[in-house]
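Hi everyone, thanks for coming. Let me walk you through the strands and helices of the model on the screen.

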Amino acid sequence: MSCAFATQNDEDPLKIAVSANFSQPAKQIAALYTEKTGIPVRISVGSSGTLFAQISRGAQFDLFLSADSARPNALITSGKVNADDVFPYAKGQLALMVDANLFDMDTLNWQQLDDVFCGSSQRLAIANPAIAPYGVAAKKVLSQGNAWECAQASMVKGNNVIQAYQFFESGNVPVAFVARSLVVDRNDILEVPSHLHDPIVQSLAITALQDNKHRANAFVDFLLSAEIQQRLVALGYETIVEPGANE
């Protein structure tokens, strides 16, 4: 899945590959950046694993905003980028969407997941753990007990976390693990306690060719600025950048 965001400008757009969970914040940040600098930005959206595979095969982006740190670090290992071209930019949060007609949101708790999935055949949507970090986090939560094994027969795996969200929204599944950023304005969700899964530290890699690295670095500075980091908190993320660190 991909989409484009750009404004008319004589310069070539800055090309940014963005993990699905971060697509909406990325578009907002791109709009602000273009307004401030006049530099157009083109956003390509997909799962972190899919985008990583494209970059590894030679697809040319200026920046890669992953939903994890493993893939940007793997680009260092493979020699695609230098170690000083990789930065954490946000910490993601996991949320559980539940059909209120089937579950009581006020009493449902994490110890009940085994009962929900082992005592029934309720369908569950998650992002595919093989290619999506939010799917890895969801699997870790379900693996606290027997829910992961019990849910296998009725589990639907999306190519990314947006697809898992869409499975729920379409009514195809009554339960879905999604990024908190996708449901920040909703009340019918449960925030997943962070101690139930490994931290979702989202890192970026500057993948621009040498003659365009200065533009990629400028966008990174903007993303890590106090102004933008504060916006990310309101959009369902935790900041991992000290306020004012890049001011």
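**Two sheets, strand by strand**

Let's begin with one residue pair: A127 has G158 in strand 7 as its bridge partner. Please keep in mind that this is a predicted model. That pair brings us to strand 6, residues 124-127, which is joined to strand 7 by four bridges in the parallel sense.

Now zoom out a little. These strands belong to an open sheet of five, ordered 7-6-8-5-9, with mixed pairing. At its edges you'll find strand 7 (155-158) and strand 9 (189-191), each pairing on one side only. On average, neighbouring strands here are turned by 25° against each other, direction ignored.

What lies across strand 5, strand 6, strand 7 and strand 8? That's helix 7, residues 161-169, and it runs at about 145° to strand 8 (175-179).

On to the other sheet, if you'll follow me. Here, too, five strands make an open sheet with mixed pairing, this time in the order 2-1-3-10-4. Strand 2 (41-46) and strand 4 (86-92) each have a single partner strand, so one side of each is left without a neighbour in the sheet. From one strand to the next, the twist averages 20°.

Inside this sheet, look at strand 3 (residues 63-65) and strand 10 (residues 200-206): they run antiparallel and are joined by three bridges. One of the pairs to click on is L63 with its bridge partner I206 in strand 10.

Finally, helix 8, residues 213-223, lies across strand 1 (14-19), strand 2, strand 3, strand 4 and strand 10. Its direction is about 155° to strand 10. Thanks for listening!

Conventions
Residues numbered from 1 in each chain as written. Predicted model: local features only at pLDDT ≥ 70, side-chain atom pairs only at ≥ 80, totals over all residues. Heavy atoms only, no water. Pairing = 2+ DSSP bridges. Axes fitted to C-alpha atoms, helices over the stretch in contact; angles between N-to-C directions. Contact = heavy atoms within 4.5 Å.
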